[in-house]
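The following exercises ask the reader to work through the packing of one protein chain. Each task is followed by a solution in steps.

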Amino acid sequence: MSDMGAASSFRQSPVGERPIVAFDFDGTLTIRDSFTAFMRDRAGPMGWATGLARISPALLAYLGDRDRGRIKAASVKQFLGGLSRQELEAEADRFADKVWDRFMRPDALACWKAWGDKGAHRVIVTASPEITVAPFARRLGAEGLLGTRMVFDAQDRVTGVFDGENCRGEEKVRRLRAAYGPNMVLTAAYGDTSGDTEMIAFAQEKGFRVFHGRP
């Protein structure tokens, strides 16, 4: 079974007539990749080094195929495999509380708040797993969250497999349309990498690498 949008930890809000504004998460709202930091923090220095050594074949393959989804799946299986959904959600909550003050970009947060003050439906669209970004989304007061979806086994434990594609590139636009309808209008979008290009191009107001603030 998949996390199906991390429904147990984050619930989408209705859109109505509100403008829809999409924010990438890692590197846009934050100063760095949150999921890598989460896995590294959880593993500890020795566990991280040992884990990287074990997935070295996948790391080498990535240098050739640049398949981010495959290397991400290998990392999840190595560092989170077998963890229960409940444990993962609890650890993600603790991590978000731990790093919030040193991860979040102040200028991005100001833009996020400004759109909220205008009554926008703000959706985070991220390649990181929904279930680990959900604590940040809740703290931000996000109205929506779309990300890479983990698959859990019959015992509700992490398998290292994803439900659908890694949520980057064209997949971000596909997920937005699936969530809000094929004729949706994206009022604005913000991102910082090539994985956000299609989403930003889809938006009326385009924000590429516009946030540079640091905590």
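The model is predicted.

**Exercise 1. Determine how far helix α6 is covered, and describe what follows it.**

Solution. Begin with the tally: nine of the eleven residues of α6 are buried, so that the helix is mostly covered, where buried stands for a relative accessible area under 20%. The buried residues are Glu130, Ile131, Thr132, Val133, Ala134, Pro135, Phe136, Ala137 and Leu140. Next, inspect the residue just after the helix: glycine 141 has a positive phi of about 75 degrees.

**Exercise 2. Classify the packing of helices α4 and α6 by angle and by handedness.**

Solution. First, locate the helices: α4 spans residues 85–103 and α6 spans residues 130–140. Their axes are 8 Å apart, and the angle between them is about 50 degrees. Roughly parallel requires an angle under 35 degrees, and roughly perpendicular one of 65 to 115. The two helices are therefore oblique to each other. The crossing of α4 and α6 is right-handed. Finally, list the contact: α4 contributes Arg85, Leu88, Glu89, Ala92, Asp93, Phe95, Ala96, Asp97, Val99 and Trp100, while α6 contributes Ile131, Thr132, Pro135, Phe136, Arg138, Arg139 and Leu140.

**Exercise 3. Classify the packing of α1 and α4 in the manner of the preceding exercise, and place serine 34 in it.**

Solution. The axes of α1 and α4 are 10 Å apart, at an angle of about 110 degrees. With 65 to 115 degrees as the range for roughly perpendicular, α1 is roughly perpendicular to α4. Their crossing is right-handed. From α1, the residues Ser34, Ala37, Phe38, Asp41 and Arg42 meet Leu88, Glu91, Ala92, Phe95, Lys98 and Phe103 of α4.

Now turn to serine 34, which belongs to helix α1 (residues 34–54). Serine 34 is buried, with a relative accessible area of 4%. Apart from its neighbours within four places in sequence, serine 34 contacts Phe25, Asp26, Phe95, Phe103 and Ser128. Serine 34 is also 11 Å from arginine 102 in space, C-alpha to C-alpha, although 68 residues separate the two in sequence.

**Exercise 4. Identify the aromatic groupings, and decide whether the rings of phenylalanine 23 and tyrosine 190 are stacked or edge-to-face.**

Solution. The structure contains nine aromatic pairs. In the pair of phenylalanine 23 and tyrosine 190, the ring centres are 4.8 Å apart and the planes lie at 25 degrees. Since planes under 30 degrees apart count as stacked, this pair is stacked. Phenylalanine 23 is part of strand β1 (residues 20–23) and tyrosine 190 of strand β6 (residues 186–191), so the pair ties together parts that are 167 residues apart in sequence. Both partners are buried: phenylalanine 23 has a relative accessible area of 0%, and tyrosine 190 one of 5%.

A further grouping is the aromatic cluster formed by Phe25, Phe38, Phe95, Trp100, Phe103 and Phe136.

**Exercise 5. Which rings have arginine 85 and lysine 118 over them?**

Solution. Arginine 85 lies over the face of phenylalanine 152, at 4.1 Å from the ring centre. For lysine 118, the ring is that of tryptophan 115, and the charged end is 4.5 Å from its centre.

**Exercise 6. Establish which residues of helix α7 are buried and what they pack against.**

Solution. Within α7 (residues 170–180), the buried residues are Glu171, Lys172, Val173, Arg175, Leu176 and Tyr180. These residues pack against β1, β2, α6, β3, β6 and α8. Glycine 181 follows α7 and has a positive phi, near 105 degrees.

**Exercise 7. Where do aspartate 156 and arginine 209 lie, and what is notable about their phi values?**

Solution. Start from the general expectation: most residues other than glycine have a negative phi. Aspartate 156 departs from this with a positive phi near 65 degrees. Its place is in the loop between β4 (150–152) and β5 (158–162). At a relative accessible area of 25%, aspartate 156 is partly exposed. Arginine 209, likewise not a glycine, has a positive phi of about 55 degrees. Arginine 209 is located in the segment after β7 (205–208).

Definitions and conventions: Residues numbered from 1 in each chain as written. Predicted model: local features only at pLDDT ≥ 70, side-chain atom pairs only at ≥ 80, totals over all residues. Heavy atoms only, no water. Phe/Tyr/Trp six-rings, centres within 6.5 Å; stacked < 30°, edge-to-face > 60°. Helix = DSSP H or I, 4+ residues; strand = E, 2+ residues; numbered from the N terminus. Buried < 20%, exposed > 50% of the residue type's maximum accessible area, 1.4 Å probe, protein only. Lys NZ or Arg CZ within 6 Å of the ring centre and 35° of its normal. Axes fitted to C-alpha atoms, helices over the stretch in contact; angles between N-to-C directions. Parallel < 35°, antiparallel > 145°, perpendicular 65-115°, else oblique. Left-handed = near helix turned anticlockwise from the far one by under 90°. Contact = heavy atoms within 4.5 Å.
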